[in-house]
Amino acid sequence: MLTKFDNMRYFESIYNTHVDMVYRLCFSFMKNTADTEDAVQTTFLKFLSTDFKKINNEKAWLIVCASNVCRDMLRKKKNVSLNDIDEPSIPGIATDETLAAILNLPNKYKVSIYMYYYEGYSCKEISQYLCKPSSTIRGWLRKGRQLLKSQLGGDFDEE
């Protein structure tokens, strides 16, 4: 059984090994030192609060976590609501009509449709972000597109 001291030594070892890589990755997203340092700190705080035994590959975990932290920070910085988006990602449908339809979808469909079409996340990335299997995300996207098609009519890309 690991003691708190062993956990801290393990954390310190991981931190010293990967902090430069996490910093470079965060800087590539944030483009300034202050936000980069905040993102690095948040990433390692999340790592510290996880169960170390459940992480198979620390470097991969840190890369995914740091990327998600930076994306979240950038999204919050933008303060863009769904209503501020000018271009629809689904061709042939007016923005206001599409957004209204998306906002009326149940949360799981609304979030997956928004992340996929408006933010450009892949199914795999959405599944990591929402802690759901990729197959579940693909199902939500399929069902969300069906609901939008029934509400709006027209052709939707079944990717």
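In this predicted model, residues 24 or more positions apart account for 56% of the contacts in the chain with a separation of 6 or more. The exercises below work from the whole chain down to single residues.

**Exercise 1. The overall build**

Task: State how many helices and strands the chain has, and what share of its residues count as buried.

Solution:
- Step 1. Count the elements. The chain has 7 helices and 0 strands.
- Step 2. Read along the sequence. The pattern is α-α-α-α-α-α-α.
- Step 3. Turn to burial. The chain has 159 residues, and 37% of them count as buried.

**Exercise 2. Two packed helices**

Task: Describe how helix α5 and helix α7 pack, and sort the residues of their contact by type.

Solution:
- Step 1. Choose the descriptors. Two packed helices are described by the angle between their axes and the distance between the axes.
- Step 2. Apply them. Helix α5 spans residues 107-118 and helix α7 spans residues 134-152. The two pack at an angle of about 100°, and their axes are 9 Å apart.
- Step 3. Classify the angle. It makes α5 roughly perpendicular to α7, since angles of 65 to 115 degrees fall in that class.
- Step 4. Sort the contact. Its residues divide into 8 nonpolar, 2 polar and 3 charged.
- Step 5. Name the residues. From α5 come Lys108, Tyr109, Ser112, Ile113, Tyr116 and Tyr117. They meet Trp140, Leu141, Lys143, Gly144, Arg145, Leu147 and Leu148 in α7.
- Step 6. Look at one of them, Leu148. This leucine sits in helix α7 and is buried, at 0% relative accessibility. Leu148 and Ile102 are 46 residues apart in sequence, yet their C-alpha atoms are 7.2 Å apart in space.

**Exercise 3. Cysteines without a bond**

Task: Explain why neither Cys65 nor Cys70 forms a disulfide with its closest cysteine.

Solution:
- Step 1. Set the cut-off. A disulfide needs two cysteine sulfur atoms within 2.5 Å.
- Step 2. Test Cys65. Its closest cysteine sulfur belongs to Cys26, at 8.8 Å, so the two are too far apart for a bond.
- Step 3. Test Cys70. Its closest cysteine sulfur is also in Cys26. The distance is 3.6 Å, which is still too far for a bond.
- Step 4. Give the total. The count comes to 0 disulfides.
- Step 5. Check burial. Cys65 is buried, with a relative accessible area of 9%. Cys70 is buried too, at 0%.

**Exercise 4. Salt bridges**

Task: Find how many salt bridges the structure holds, and work out what parts the Arg71 and Glu125 pair ties together.

Solution:
- Step 1. Recall the principle. Side chains of opposite charge can pair when their charged atoms come close.
- Step 2. Count. The structure holds 2 salt bridges.
- Step 3. Take Arg71 and Glu125. Their side chains meet at 3.6 Å, N to O. Arg71 lies in helix α3 (residues 58-78) and Glu125 in helix α6 (residues 123-130), so the pair ties together parts that are 54 residues apart in sequence.
- Step 4. Check exposure of this pair. Arg71 is partly exposed at 24% relative accessible area. Glu125 is also partly exposed, at 26%.
- Step 5. Take Asp72 and Arg75. Their closest N and O atoms are 3.0 Å apart. The two residues are 3 residues apart in helix α3, so about one helical turn separates them. Arg75 is partly exposed, with a relative accessible area of 24%.

**Exercise 5. Two residues of helix α2**

Task: Decide whether Thr43 and Lys46 are buried or partly exposed, and list what each one contacts beyond four places in sequence.

Solution:
- Step 1. Place them. Thr43 lies in helix α2 (residues 33-48), and Lys46 is in helix α2 as well.
- Step 2. Assign Thr43. It has a relative accessible area of 0%, so it is buried.
- Step 3. Assign Lys46. At 39% relative accessibility, it counts as partly exposed.
- Step 4. List the contacts. Thr43 touches Val22, Trp61, Leu62, Cys65, Ala66 and Val69. Lys46 is in contact with Trp61, Cys65 and Val69.
- Step 5. Add a distance. Lys46 and Ala66 are 20 residues apart in sequence and 9.5 Å apart in space, C-alpha to C-alpha.

**Exercise 6. A positive phi**

Task: Describe the backbone and setting of Lys31.

Solution:
- Step 1. Read phi. For Lys31 it is near 65°, a positive value in a residue other than glycine.
- Step 2. Locate Lys31. This lysine lies in the loop between α1 (4-30) and α2.
- Step 3. Check accessibility. Lys31 is exposed, with a relative accessible area of 60%.

Notes
Residues are numbered from 1 along each chain as its sequence is written. This is a predicted model: local features need pLDDT of at least 70, side-chain atom pairs count only at pLDDT 80 or more; totals for chains, interfaces and linings use all residues. Side-chain values use heavy atoms; hydrogens and water are left out. Buried means under 20% relative accessible area, exposed over 50%, partly exposed in between (1.4 Å probe, protein chains only). Axes are lines fitted to C-alpha atoms, for helices over the stretch in contact, and angles run from 0 to 180 degrees between N-to-C directions. Helices (H or I, at least four residues) and strands (E, at least two) are DSSP runs, numbered from the N terminus. Angles under 35 degrees count as roughly parallel, over 145 as roughly antiparallel, 65 to 115 as roughly perpendicular and the rest as oblique. Contact means heavy atoms within 4.5 Å. Ala, Val, Leu, Ile, Met, Phe, Trp, Tyr, Cys and Pro count as nonpolar, Asp, Glu, Lys and Arg as charged, and the others, Gly among them, as polar. A salt bridge is a side-chain nitrogen of Lys or Arg within 4 Å of a carboxyl oxygen of Asp or Glu.
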